[in-house]
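Visitor: Please take one part of this model and describe it closely. I would like the cut-offs stated as you go.

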Amino acid sequence: MKKRIFTLMLSVLFVLGLVACGNKQEEKPAGNTESEPAVSAQPEENVETEKTTEPEEGESSEAAGNPQTEDGKTLVVYFSMPETTNPDNMNAEEEYSTVVIDGEVLGNTQYVAYVIQENTGADIFRIEPVTPYPMNHAELEEVATEEKRNDAMPEIAAEVENIEQYDTIFLGYPNWYADMPRIIYSFLDQYDLSGKTIVPFVTSGGSGFSNTISTIADLEPDANVITDGLSISRNVVQDAEADIIEWVEGLGLSK
């Protein structure tokens, strides 16, 4: 009789144990994303998303998780100039230079940089001038034209810390008058990127890279400048996430 009671108690304990295991849930940390406030514009033109293997004729530092890979650490560097921070009642120039995600205004190049960072696990650095650019379109065009005419080297407000730790650098900018904004020249003059891989990406209204990949190679002759850069039209940038991810994966740099 005692043996039967003991066996019955063991059975009950076994069933209760199974129930407890079945009810146990695995806890996962919630996702954590950050977005950078937009700032200022792109005097540009009109084209579709394309991966460019030849230069064609014719946009504060923040760190994210950066896994160590066989090729070392990766950094996304970008300059972006949305012409407004207000998602409502935009004029044509403001719409051309921006992407609105969940009510937040991002510059075209800023948005592309964020997608690249998210899918590579890279660190990210925004190039911003000591003297802010005007957000008014006509005034911005005047400043950008004057900088180009004078081969200006606008001073950058912040510095990349320990740039020697990065083996791969994505470099993004809008096409301004068939060229890089002059502040990109400042960045390339300020940092010696010898031995690093530079991966260019550009947003434009139609001019694509306009030989700027060759310019980067001339300015950084001891770097490996990837010619398979990504050119995205301002007309399609808001819907270009899948194309950006495909390009990153094609480079073998996705996390």
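Guide: On the other side of helix α7, away from its buried residues, Ala-242 and Gly-250 are exposed. Exposed means over 50% relative accessible area, buried under 20%, and partly exposed in between, with a 1.4 Å probe and protein chains only. This is a predicted model, in which local features need pLDDT of at least 70, side-chain atom pairs count only at pLDDT 80 or more, and totals for chains, interfaces and linings use all residues. Residues are numbered from 1 along each chain as its sequence is written, and side-chain values use heavy atoms, with hydrogens and water left out.

Helix α7 covers residues 241-250. Helices (H or I, at least four residues) and strands (E, at least two) are DSSP runs, numbered from the N terminus. The buried residues in α7 are Ile-244, Trp-247 and Val-248. Seen down the axis of α7, these buried residues fall within an arc of 100°, so they line one face of the helix. The arc is taken over the directions from the helix axis to the C-beta atoms. An α-helix has 3.6 residues a turn, so residues three or four places apart point the same way. Just after α7, Gly-252 has a positive phi of about 75°.

Strand β3, residues 73-78, serves as a contrasting case: six of its six residues are buried. Lys-73, Leu-75 and Val-77 are buried on one side, and Thr-74, Val-76 and Tyr-78 are buried on the other. In a regular strand the side chains alternate between the two faces of the sheet.
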